[in-house]
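This report introduces one structure to a reader who has not met it before. Please look at the sequence and the model first, then read on.

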Amino acid sequence: MPYKACKNCGALVPRDSNVCPVCGGTTFVDDWDGVVVVLDNSELAARLKFAKKGMFALKVSGSYVFK
Ligand SMILES: [Zn+2]
């Protein structure tokens, strides 16, 4: 896997990153599944607690990121 997922917000970041660019979290997991791409002004972005675009995991450690 070229990416790891932020445990806090589910953002997918390159494996060599140490800080999440979305929430600033520093805890990452390899146990993630599914990919959600959030675009500007998308309906999905409007439903997120954080209105940021980017690529997110659908599930992290078995829990859904988006509820
Ligand atoms: Zn994060």
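## The zinc site

Four cysteine sulfur atoms, C6 (SG), C9 (SG), C20 (SG) and C23 (SG), coordinate the zinc ion at 2.2 to 2.3 Å. The model in which this site appears is a predicted one. Along the chain, the donors follow the spacing C-x2-C-x10-C-x2-C. Two of them, C6 in strand β1 and C23 in the loop between β2 and β3, lie 17 residues apart, and this pair links distant parts of the chain.

The site of the zinc ion is tetrahedral, with angles of 101 to 115° among its 4 donor atoms. For comparison, the ideal angle for four tetrahedral donors is 109.5 degrees.

## Burial of two donors

C6 has a relative accessible area of 0% and is therefore buried. C23 has a relative accessible area of 34%, so C23 is partly exposed.

## The nonpolar core

The largest nonpolar core contains 18 residues, and those with the most contacts inside it are A5, C9, A11, C20, F56 and V60. At least two residues of this core come from each of β1 (3–6), β2 (12–14), β3 (28–29), β4 (32–38) and β5 (54–60).

C20, a zinc donor, also belongs to this core. Leaving aside residues up to four places away in sequence, C20 touches C6, C9, A11, G25 and F28.

## A positive phi at S61

S61 is located in the loop between β5 and β6 (63–64). Its phi is near 50°, a positive value in a residue other than glycine. Most residues other than glycine have a negative phi. With 35% relative accessibility, S61 counts as partly exposed.

Definitions and conventions
Residues are numbered from 1 along each chain as its sequence is written. This is a predicted model: local features need pLDDT of at least 70, side-chain atom pairs count only at pLDDT 80 or more; totals for chains, interfaces and linings use all residues. Side-chain values use heavy atoms; hydrogens and water are left out. A nonpolar core is a set of buried Ala, Val, Leu, Ile, Met, Phe, Trp, Tyr and Cys residues joined through side-chain atoms within 4.5 Å. Buried means under 20% relative accessible area, exposed over 50%, partly exposed in between (1.4 Å probe, protein chains only). Helices (H or I, at least four residues) and strands (E, at least two) are DSSP runs, numbered from the N terminus. Contact means heavy atoms within 4.5 Å. Donors are N, O and S atoms within 2.8 Å of the metal (3.2 Å for Na, K and Ca); water is not among the atoms, so sites may look incomplete. Four donors count as tetrahedral if all angles lie between 85 and 135 degrees; four count as square planar and six as octahedral if opposite donors are over 155 degrees apart and all others between 65 and 115; anything else is irregular.
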